[in-house]
Amino acid sequence: MDRILLLNGPNINMLGKREKEVYGQFTLQDIEQNLEQLVSSHGFKLESYQSNHEGELIDRLQLANGNYIGVIFNPAAYTHTSIALRDTIKAIETPVIEVHISNVHNREEFRHTSMLAPVCYGQIVGLGLTGYRLAALAFIEKN
Ligand code: DQA
């Protein structure tokens with residue numbers, strides 16, 4: 001098994017147009033291409049999925065179980081609210097790294113809490129696109 005899943009939640013498909021001062025200029029496609037290159041240069045495969053719907057993210061995580069070496073997950077706003085996603089991450093064996101483009105800790109207070117981090121393998125915040133790359137490297141070096 002040599003696959004990594006890149007999973008992005010609501011509004012991540014709007015990167016490049018959305019709050020550029022917070023999230024930068026890069027698009028979801030830029031993230032996908034960048035990670036694809038990184039991961040394939042180490043002999044691994046990348047699959048990518050984005051959804052604005054909580055249930056679809058849950059379905060994708062359940063399907064991922066046992067089929068990937070890890071999931072790089074930016075749950076976006078669901079980070080701060082979703083007990084359902086937390087239960088799913090807890091229920092599956094595949095490790096999940098939570099990634100945030102922005103530093104959620106220097107933003108509004110409601111972004112300081114993650115429902116998901118306690119059940120994730122790790123968490124990376126505030127490093128932009130580099131955060132996704134570091135998560136990929138963490139799974140590559142672990143395997
Ligand atoms: C985000 C941070 C979340 O608080 C926010 O709701 C997002 C993006 C980030 O990548 O910085 O949509 O996950």
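**Entry 1: the loop between β1 and α1**

I looked up asparagine 11 and found it in the loop that joins β1 to α1 (20-23). The model I am reading is a predicted one. Asparagine 11 has a phi of about 75°, which is positive although the residue is not a glycine. I noted the background to this: most residues other than glycine have a negative phi. I then asked whether asparagine 11 is buried, partly exposed or exposed. Its relative accessible area is 33%, so asparagine 11 counts as partly exposed.

Glutamate 19 is also placed in the loop between β1 and α1. I read its phi as near 30°, a positive value in a residue other than glycine. Glutamate 19 has a relative accessibility of 36% and therefore counts as partly exposed.

**Entry 2: the sheet**

I next traced the strands. In what order do the five strands of the open sheet stand? I recorded β2-β1-β3-β4-β5, with parallel pairing. The edges are held by β2 (45-50) and β5 (122-125); each has a single partner strand, so one side of each has no neighbour in the sheet. From one strand to the next, the twist averages 20°. For reference, I wrote down that the strands of a sheet pair through backbone hydrogen bonds, either parallel or antiparallel.

**Entry 3: strand β4 and its partners**

I followed β4 (residues 96-100) in detail. With β5 it pairs in the parallel sense, over four bridges. Which residue of β5 is the bridge partner of isoleucine 97? I found glycine 122 in that place.

With β3, strand β4 again pairs in the parallel sense, here over three bridges. I noted valine 96 of β4 as the bridge partner of valine 71.

I then checked how well β4 is covered. The strand is mostly covered, and five of its five residues are buried. Val96, Glu98 and His100 point one way from β4. Ile97 and Val99 point the other way, and all of these residues are buried.

**Entry 4: helix α3 on the sheet and beside α4**

I turned to helix α3 (residues 54-64). It lies across β1 (3-8), β2, β3 (70-74) and β4, and runs at about 170° to β1.

I also compared the axis of α3 with that of helix α4 (residues 83-91). The two axes come within 10 Å and cross at roughly 0°. The helices α3 and α4 are therefore roughly parallel, since angles under 35 degrees are counted in that way.

Which residues of α3 and α4 meet? On the α3 side I listed Glu54, Leu57, Ile58, Leu61 and Gln62; on the α4 side, Ala84, Leu85, Thr88 and Ile89. Sorted by class, this contact has six nonpolar, two polar and one charged residues.

**Entry 5: asparagine 65**

I located asparagine 65 in the loop between α3 and β3. Its relative accessibility is 31%, so I entered asparagine 65 as partly exposed. Which residues does asparagine 65 contact, once its neighbours within four places in sequence are left aside? I found Ile92, Glu93 and Thr94. I also took the separation of the C-alpha atoms of asparagine 65 and alanine 91, which is 9.0 Å, for residues 26 apart along the chain.

**Entry 6: helices α2 and α5**

I examined how helix α2 (residues 28-41) packs with helix α5 (residues 129-142). Their axes are 10 Å apart and form an angle of about 30°. The helices α2 and α5 are therefore roughly parallel to each other. I recorded their crossing as right-handed.

From α2, the residues Ile31, Asn34, Leu35, Leu38 and Val39 take part in the contact. From α5, they are met by Leu129, Tyr132, Arg133, Ala136, Leu137 and Ile140. By class, I counted nine nonpolar, one polar and one charged residues where α2 meets α5.

**Entry 7: glycine 43**

I ended in the loop between α2 and β2, where glycine 43 is placed. Is glycine 43 buried or exposed? With a relative accessible area of 52%, it counts as exposed, because the class begins over 50%. The C-alpha atoms of glycine 43 and glutamate 54 are separated by 31 Å, and the two residues are 11 apart along the chain.

Note on methods:
Residues numbered from 1 in each chain as written. Predicted model: local features only at pLDDT ≥ 70, side-chain atom pairs only at ≥ 80, totals over all residues. Heavy atoms only, no water. Axes fitted to C-alpha atoms, helices over the stretch in contact; angles between N-to-C directions. Helix = DSSP H or I, 4+ residues; strand = E, 2+ residues; numbered from the N terminus. Parallel < 35°, antiparallel > 145°, perpendicular 65-115°, else oblique. Left-handed = near helix turned anticlockwise from the far one by under 90°. Contact = heavy atoms within 4.5 Å. Nonpolar A, V, L, I, M, F, W, Y, C, P; charged D, E, K, R; others polar. Pairing = 2+ DSSP bridges. Buried < 20%, exposed > 50% of the residue type's maximum accessible area, 1.4 Å probe, protein only.
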